[in-house]
Amino acid sequence: MKIDHLTGAAGACLLLLFATSTHAALIDNGNGLIYDQDRDITWLMDANYAQTSGYDSDGLMTWSEANTWADNLVYGGHSGWRLSPAEIPCNTAIGCSGVGGEMGHLYHAELMGNTGTTTFDNIQNIYWTSTAYTGASEPAAWYYDFAGATPGLQTWGFTSSTTAAAWAV
């Protein structure tokens with residue numbers, strides 16, 4: 001009987017171990033701030049705050065405008081905001097999953113591809129990263145595509161004068 005109790009206890013421990021999520025949850029800190037324990041970063045809950053706040057009429061900005069907006073943002077008494085950097089290397093200008101970067105992690109690991117989540121508000125299709133793309137004949141920057149056939153980092157057809165949304169982290 002003693003062996004059966006030990007076997008049962010060991011089995012319960014293994015079940016608990018495998019039932020526990022391997023990634024940390026996003027934590028709603030209140031006041032429109034979502035903390036990502038895996039990356040130790042805080043996202044704005046409103047993924048199109050540039051529009052909601054009235055900073056930009058539709059929230060779509062050039063790469064330079066998006067970086068300036070994030071750099072100068074003060075939200076809930078907090079400054080030091082920025083755009084998420086692209087995970088480089090990405091071996092093609094057409095794109096890659098970017099799963100190792102902050103935005104790729106958010107999309108693939110935390111949201112698991114579900115942009116209809118209730119964790120964040122106003123998720124847009126395309127977001128600028130803070131990272132310039134140096135392989136183009138004219139100034140360009142990496143962006144993260146949440147809605148394309150292959151969500152991930154992209155540069156194809158996007159120059160730094162194209163407009164996209166900005167999500168501060």
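**Reading the aromatic pairs**

Reader: Why is Phe-146 called buried?

Author: Phe-146 has a relative accessible area of 4%. Buried means under 20%, exposed over 50% and partly exposed in between (1.4 Å probe, protein chains only), so Phe-146 counts as buried. This is a predicted model, in which local features need pLDDT of at least 70 and side-chain atom pairs pLDDT 80 or more, while totals for chains, interfaces and linings use all residues. Residues are numbered from 1 along each chain as its sequence is written, and side-chain values use heavy atoms, leaving out hydrogens and water.

Reader: How many aromatic pairs are there?

Author: The count is 9. Rings of Phe, Tyr and Trp (its six-membered ring) pair if their centres lie within 6.5 Å; planes under 30 degrees apart are stacked, over 60 edge-to-face, and the rest tilted.

Reader: What makes the pair of Tyr-55 and Trp-69 tilted?

Author: Their planes are 50 degrees apart, with 6.5 Å centre to centre, so the angle fits neither stacked nor edge-to-face. Tyr-55 sits in the loop between α2 (49-52) and α3 (63-72), and Trp-69 in helix α3, 14 residues apart. Helices are DSSP runs of H or I, at least four residues, and strands runs of E, at least two, numbered from the N terminus.

Reader: Are these two buried or exposed?

Author: Tyr-55, at 48%, is partly exposed, whereas Trp-69, at 3%, is buried.

Reader: And why is the pair of Tyr-127 and Phe-146 edge-to-face?

Author: Its planes meet at 70 degrees, with centres 5.5 Å apart, so it passes that cut-off. Tyr-127 lies in strand β4 (residues 126-133) and is buried at 0%.
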